[in-house]
Amino acid sequence: MNILVLFSYGSLTSIDDVAGFYNDIYHGTATEENIAAGVKTYEAHGMADPLGANTARVGRALVKKLTKESGEKWIVYVANHHTEPSIQTVAEECIKLNPKRIATFSLTPFDSLTGSNAYEKRFTKIFREENDQTKIVHVATYCDHDQFVEVLADRAKTAYEWLPEAERKQTEIVFTVHSKPGVPKAHQTMIMQYETLAKKVADSLPVKDYHLAYRSGKPLPQRWLGPDVLDVVDELHAKNVPAVIFIEALSVIENIEAIQEITTDAINKAKGLGMSAVQSEYLNDSADFVDALCDHLSVELQMETGAATIK
């Protein structure tokens, strides 16, 4: 038996999970106001947590294809940073099952010191304390995978064509990712991956210019990567840019935070300044995105094992 472990920031399955989720984010110090605000945000969304629901469906699709094409049994676990089942819980369950092979995979496209890289190290440390035989394959990030780039570019094209035709030639793109604490030097790999992906997607459209922005950064004196997406919107307005396309490049599966900061805050700010604004769609569990992930997973597993596993 083989196990696919998908890393996720958090997967909420009930509104009852919100309090624990926020308390974990705040390292056990969440106030009643913090939790109430979180519950209000999720209730306003009016649907189940999109990150948890989409991640679960993507996982089921991936192992279904892995099992079919490899002829071996694959099962999937979602290992979460801030909710159960946690990375530790999943690692302990994998120890009990004693699989032939484990493949870990983050569904965000970039390397991240505090994200995918940290999750891999934590999982491996826990698992290796009890099992030093099972092969663990940490699947590389997929930001440069051609099929993924095509999927993201397809959503960008759809957004571009949604804008008024008279404004398209003057449209500019604002790419966004969640900010990271510290100075750029500490996040060089992620920034280079971000720059490369943004250029590939922007080059697929007849746009005037594009910009890299960040969201969720904390105010000074803390140091976070910038510029902030709302500041970039102000700059575009000052240059009389008539229309803007927002493309979230990190959270390609939607989550409540990204929805608030881009779909609501950034879009509304641009429109409030008189600009036309549209956001490219999240990829979620769309068929072409799952196909891209399957192809990437296939290449990575073949490189590690020397045998075909998925087509």
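User: What share of the 311 residues of the protein chain count as buried?

Analyst: In this predicted model, 49% of the 311 residues count as buried. The cut-off for that word is a relative accessible area under 20%.

User: Why is asparagine 117 called buried?

Analyst: Asparagine 117 has a relative accessible area of 18%. Buried means under 20%, so asparagine 117 makes the cut. You'll find asparagine 117 in helix H5, residues 116–128. Leaving out residues up to four places away in sequence, asparagine 117 touches Asp111 and Ser112.

User: And serine 216, why does that one count as buried?

Analyst: Its relative accessibility is 13%, and the limit is under 20%, so serine 216 counts as buried too. Serine 216 sits in the loop between S6 and H8. Its phi is near 70°, a positive value in a residue other than glycine.

User: What makes asparagine 240 exposed?

Analyst: Here the value is 66% relative accessible area. Exposed means over 50%, so asparagine 240 earns the word. Asparagine 240 is in the loop between H8 and strand S7 (243–248), and its phi, near 65°, is positive in a residue other than glycine.

User: How do you know that the radius of gyration of the protein chain agrees with a compact globule?

Analyst: With 311 residues, a compact globule would come out near 19 Å, and the protein chain has 20 Å, which agrees. Along its principal axes, the C-alpha trace spans about 60 × 45 × 40 Å.

User: Which residues of helix H4 are buried, and what puts them on the same side?

Analyst: In H4 (residues 87–97), the buried ones are Ile87, Val90, Ala91 and Cys94. They cover an arc of only 100° around the axis, so they're on the same side of H4. The general background is that an α-helix has 3.6 residues a turn, so residues three or four places apart point the same way.

User: What do the buried residues of H4 pack against?

Analyst: Their partners are strand S1 (2–8), strand S2 (74–80), strand S3 (101–106) and H5. Right after H4 comes asparagine 98, with a positive phi near 50°.

User: Where are the cis peptide bonds that involve proline 85 and proline 227?

Analyst: One joins glutamate 84 and proline 85, with omega about -5°; proline 85 lies in the loop between S2 and H4. Another runs from glycine 226 to proline 227, with omega near 15°, and proline 227 is in the loop between strand S6 (209–215) and helix H8 (229–238).

Definitions and conventions
Residues numbered from 1 in each chain as written. Predicted model: local features only at pLDDT ≥ 70, side-chain atom pairs only at ≥ 80, totals over all residues. Heavy atoms only, no water. Rg over C-alpha atoms; globule rule 2.2 N^0.38 Å. Buried < 20%, exposed > 50% of the residue type's maximum accessible area, 1.4 Å probe, protein only. Helix = DSSP H or I, 4+ residues; strand = E, 2+ residues; numbered from the N terminus. Contact = heavy atoms within 4.5 Å. Arc of directions from axis to C-beta.
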